[in-house]
Amino acid sequence: MTHLFISHSTKDVDFVLNYLKRPSASLGIDAWCSATDMRLAADWEHQIRQELTRSDWFIVVLSPDAAKSEWVQAETHWALEYKRGRVIPVMARGCDPSDVHIRLGTLQYIDFRTDPDKAWRKLQQIIEGSEPRVGSMARVVAPSPDPAVETTVIRSLRSARLTLLVETNVTTSTRRTVEIRNWAIIGRSPEADIQIVDSCVSRRHARISVAPSTAQLTLSDLDSANGTFLNGHPVTTDQGIDVGDLIEVGNTRLRIKGVEAM
């Protein structure tokens with residue numbers, strides 16, 4: 001039996017019951033959510049960890065209240081680390097996915113707001129493995145009422161080890177090695193994969209992505225306030241990067257010293 005973990009705000013319980021749990025049950029899919037399935041006598045954190053671990057798919061319900069929920073944020077953070085390629089955001093009420101978790105801004109979501117039946121069929125196809133689309137997480141999707149928005153799920157892990165020399169000023173440099181799984185965010189946010197403590201760097205400034213089946217890396221600017229530069233040129237589209245290249249964000253320079261497939 002397929003097991004789903006549904007992460008949601010308590011204010012989205014009706015949506016979860018009507019559009020996710022009941023349709024799942026009709027197909028013999030076990031959809032777990034804390035609102036209806038939490039054992040009252042059990043240790044909540046322990047039970048949530050158990051259900052997260054045994055789940056085949058992690059579904060996060062997007063809404064303004066989800067963006068304020070520490071539980072939704074914590075569960076989503078865990079899933080993005082340990083269930084990569086198995087995370088499906090679904091839009092219940094309009095919000096910026098990045099407000100729920102910084103990395104959700106790189107995943108396309110399924111929009112239930114306009115045509116819930118069509119959205120459920122899309123979700124069912126992905127869960128049952130009949131959805132053929134496999135693509136990159138590199139596209140940033142803003143909230144949209146368009147029901148035709150498709151969901152992209154990464155089914156295969158793309159990994160590389162990147163070695164950087166981070167120069168914060170003329171005299172200070174730090175060597176840093178980062179293991180990238182599918183992508184890594186460069187930014188000032190503590191949640192960024194490559195955190196840069198620089199007031200001129202946006203919280204979510206740029207992204208390094210790993211191309212399928214290779215260790216080839218690409219660099220993208222994420223609409224940062226001060227731009228991203230590669231070898232002195234502004235990054236306006238996805239740019240391939242390699243050993244010896246220089247990335248500049250704010251007042252910080254990142255020299256690529258090594259790239260290794262994993």
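**Exercise 1. Find where helix 1 bends, and check its length.**

Start with the bend: helix 1 turns by about 25 degrees at Leu20, the bend being the angle between axes fitted to the seven residues ending there and the seven starting there. A proline, Pro23, follows within four residues. Keep in mind that this is a predicted model, where local features need pLDDT of at least 70, side-chain atom pairs count only at pLDDT 80 or more, and totals for chains, interfaces and linings use all residues. Residues are numbered from 1 along each chain as its sequence is written, and side-chain values use heavy atoms, with hydrogens and water left out.

Next, the length. Helices (H or I, at least four residues) and strands (E, at least two) are DSSP runs, numbered from the N terminus. The expected span is 1.5 Å times one less than the number of residues, so the 14 residues of helix 1 (residues 13–26) should span 20 Å. The end C-alpha atoms are 18 Å apart, which agrees.

Finally, look just past the helix: Gly28 follows, with a positive phi near 75 degrees.

**Exercise 2. Work out which residues of helix 1 are buried and what covers them.**

Buried means under 20% relative accessible area, exposed over 50%, and partly exposed in between (1.4 Å probe, protein chains only). By that rule, Phe15, Val16, Leu20, Lys21, Pro23 and Ser24 are buried in helix 1. Their cover includes strand 1 (3–7), strand 3, strand 4 and helix 6 (116–128).

**Exercise 3. Trace the sheet, then place Val90 in it.**

Begin with the order: five strands form an open sheet, 2-1-3-4-5, with parallel pairing. Two strands pair if DSSP finds at least two bridges between them. At the edges sit strand 2 (30–32) and strand 5 (110–111), each pairing on one side only.

Now zoom in. Strand 3 (residues 57–62) and strand 4 (residues 87–91) are parallel partners over five bridges, and Phe58 has Val87 as its bridge partner in strand 4.

Val90 belongs to strand 4 and counts as buried because its relative accessibility is 0%. Setting aside residues up to four places away in sequence, Val90 touches residues including Phe15 and Leu20, plus Ile59 and Ile110; contact means heavy atoms within 4.5 Å.

**Exercise 4. Pick out the best-connected residues of the largest nonpolar core.**

A nonpolar core is a set of buried Ala, Val, Leu, Ile, Met, Phe, Trp, Tyr and Cys residues joined through side-chain atoms within 4.5 Å. The largest has 23 residues, and Ile194, Ile208, Leu219, Ile241 and Ile247 touch the most other members. Strand 6 gives the most to this core, with four residues.
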